[in-house]
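Me: Please take a close look at one part of this model, and follow it out to what lies around it. Give the cut-offs as the terms come up.

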Amino acid sequence: ILTDDRTAFENMVRLTEKFAGIIQVDVMDGKLVPSKSISPADVGSVTTAVYAEAHLMVEEPLEWIAAFKSFGARRVLFHYEMRDKDFGRVIGAIRDAGMEPGLVVNPDTSLAEFARFVPLVDMVLFMSVYPGFYGAPFVPKVLDKIKDFRLHFPNTVTSIDGGVKVDNIKEIAATGVHQICVGSAILKADDPEAAWKKLQNIVNT
């Protein structure tokens with residue numbers, strides 16, 4: 001879920017709650033990425049009982065933890081590329097709030113750069129687009145990075161986000177990634193639930 005409108009945000013949450021077992025909410029601060037989304041106050045004004053995770057495309061992740069705790073998130077993912085590299089403090093704050101920390105890496109960030117932080121988090125999310133815009137084009141080289149990562153860290157939960165469509169989700173699933181995040185291919189479809197089911201069927205057959 002990605003939007004800059006509070007009402008649209010709640011509507012998208014209520015829609016996806018009807019069929020999805022996991023909801024990921026993306027937020028942007030206009031600094032780490034060019035675009036800007038809803039605010040912490042917007043997030044905190046809505047709640048969900050569905051398993052939810054936060055994807056923080058922001059330079060100050062600590063400013064969002066309380067809002068996502070209020071929202072009902074179980075997991076908070078922050079970017080390796082954020083300016084403040086005090087990962088220990090961010091991870092500690094997420095765990096102290098009773099949520100799971102996860103690390104997000106952009107397409108051009110190499111395994112050698114972030115490998116030392118992997119043991120400190122519960123999962124790693126690989127961006128398969130250059131983040132900041134809904135419906136950005138898929139970056140195929142990320143699939144090889146996921147395969148390489150899984151050789152080095154076979155027990156770490158992995159996820160991929162960005163540019164996932166009907167025509168590439170089978171290849172993405174073949175990497176062994178545990179979670180595939182889909183945005184516009186579902187939420188911009190005429191029938192979001194039908195689109196979700198179609199993608200599920202492709203992966204599971």
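Reply: Helix α1 and its surroundings

The end C-alpha atoms of α1 lie 17 Å apart, in agreement with the 16 Å that its 12 residues should span at 1.5 Å a residue. The expected span is 1.5 Å times one less than the number of residues. Helices (H or I, at least four residues) and strands (E, at least two) are DSSP runs, numbered from the N terminus. This is a predicted model, in which local features need pLDDT of at least 70 and side-chain atom pairs count only at pLDDT 80 or more, while totals for chains, interfaces and linings use all residues. Residues are numbered from 1 along each chain as its sequence is written, and side-chain values use heavy atoms, with hydrogens and water left out.

Phe-9, Met-12, Val-13 and Thr-16 are the buried residues of α1. They sit on the same side of α1, because the arc they cover around the axis is only 100°. Buried means under 20% relative accessible area, exposed over 50%, and partly exposed in between (1.4 Å probe, protein chains only); the arc is that of the directions from the helix axis to the C-beta atoms. The cover over these α1 residues includes β1, α2, α3 and α8, where contact means heavy atoms within 4.5 Å.

From α1, the path leads on to α3. Phe-68 belongs to this helix, which runs over residues 65-71. Phe-68 has 0% relative accessibility and therefore counts as buried. Leaving out residues up to four places away in sequence, Phe-68 touches Val-25, Val-27, Val-43, Ala-54, Leu-56, Ala-73 and Met-99.

Helix α3 is also one of the elements, with β3 (73-79) and β4 (100-105), against which the buried residues of α4 pack. Those in α4 (residues 87-96) are Phe-87, Val-90, Ile-91 and Ile-94. They line one face of α4, because they fall within an arc of 95° seen down its axis. Arg-89 and Asp-96, on the other side of α4, are exposed. Just after α4, Gly-98 has a positive phi of about 85°.

Back at α1, the link to α9 is made by packing: α1 (6-17), α7 and α8 are among the elements that cover the buried residues of α9. The 13 residues of α9 reach 18 Å from first C-alpha to last, close to the 18 Å expected at 1.5 Å a residue. Pro-192, Ala-195 and Leu-199 are buried in α9. Their arc around the axis is only 65°, which puts them on the same side of α9.

The largest pocket has a volume of about 820 Å³. Its lining has 43 residues, and Ile-180, Cys-181, Val-182, Gly-183 and Ile-186 are the closest to its centre. A pocket is an open set of points on a 1 Å grid over the protein atoms alone, where a 1.4 Å probe fits, with protein on both sides within 12 Å along at least five of seven lines; lining residues have an atom within 4 Å of a point. Grid points are joined across faces, edges and corners, and the volume is the space filled by probe spheres set on the points. Elements that each supply at least two lining residues include β1 (22-28), α8 (184-187) and α9 (192-204).

Strand β7 holds Gln-179, which is buried at a relative accessible area of 13%. Among the residues that Gln-179 touches are Ile-22, Gln-24 and Glu-53.
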